[in-house]
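Let's take a walk through this one together, starting with how open to solvent a side chain can be and ending with the sheet.

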Amino acid sequence: WREHGVNNKQLLLQGAERAHGSRAVVVGAGKLYDIPLRKLAERFEQLLLVDVDAAALAQSVEQVGLEPPLRARLSLVQADVTGINDVFLEKAHAALALTGEAEVSAALLRLLHDYRVDQPPRLFPASASAAPLDFACSSMVLSQLATPLTRYVEERFLARFPGSQRTQAHEFQVA
């Protein structure tokens, strides 16, 4: 992670240096491990930080300890950039409410295999940025999109059926 963090920070700063203008967004800011927050806040007059986990993002920003003038440049935005969380969780709850272990497992497998998004998601709410952005980047978003949802399904299934081995089966892991 250390090497990735250093390289990612350098990449983002190189991109930021080439940007013309004063407004930027970082999608998937998260824990800020690989985001040069201070330098981006110094470079841009307005910096939107977008993440699905608002509490973790706020805590991470506080840990950086920016001076008030730099902190005032930040706007923290909670957004699900996948557009799938709410509907996925609703369908997962319905599957988990079924009766038997085999029935629940089959319903979860169908959900994991067949779930599709009907409309493309927004990277952040329209109200978060009325003016055009001059620089946009994301960091490790694609590699982590499904992790919380699949972990949720596995944990809820195991809570409902303690000792079950179904989530360890190849078919479930592939889904």
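A residue counts as buried under 20% relative accessible area, as exposed over 50%, and as partly exposed in between. Keep in mind that this is a predicted model. With that scale, Glu101 comes out as partly exposed, because its relative accessibility is 27%. Its salt-bridge partner is Arg166, with the closest N and O atoms 3.0 Å apart. Glu101 sits in helix 6 (residues 101-114) and Arg166 in the loop between helix 7 (147-160) and helix 8 (170-174), so the pair ties together parts that are 65 residues apart in sequence. Arg166 is partly exposed too, at 36%.

The count of salt bridges comes to three. Another one joins Arg38 and Glu67, at 2.8 Å between the closest N and O atoms. Arg38 belongs to helix 2 (residues 37-43) and Glu67 to the loop between helix 3 and helix 4 (68-71), so this pair links parts that are 29 residues apart in sequence. Then there's Glu62 with Arg71, at 3.6 Å from N to O. Here Glu62 is exposed at 55%, while Arg71 is partly exposed at 26%.

Now for the sheet. Its four strands make an open sheet in the order 3-2-1-4, paired in parallel. Strand 3 (74-78) and strand 4 (135-138) are at the edges with a single partner strand each, so one side of each has no neighbour in the sheet. From one strand to the next, the twist averages 15 degrees. Strand 1 (residues 23-27) and strand 2 (residues 46-51) are joined by five bridges, and Ala24 has Leu47 in strand 2 as its bridge partner. Helix 3 (residues 54-64) lies across strand 2 and strand 3, running at about 160 degrees to strand 3.

Notes:
Residues numbered from 1 in each chain as written. Predicted model: local features only at pLDDT ≥ 70, side-chain atom pairs only at ≥ 80, totals over all residues. Heavy atoms only, no water. Pairing = 2+ DSSP bridges. Helix = DSSP H or I, 4+ residues; strand = E, 2+ residues; numbered from the N terminus. Axes fitted to C-alpha atoms, helices over the stretch in contact; angles between N-to-C directions. Contact = heavy atoms within 4.5 Å. Salt bridge = Lys/Arg side-chain N within 4 Å of Asp/Glu carboxyl O. Buried < 20%, exposed > 50% of the residue type's maximum accessible area, 1.4 Å probe, protein only.
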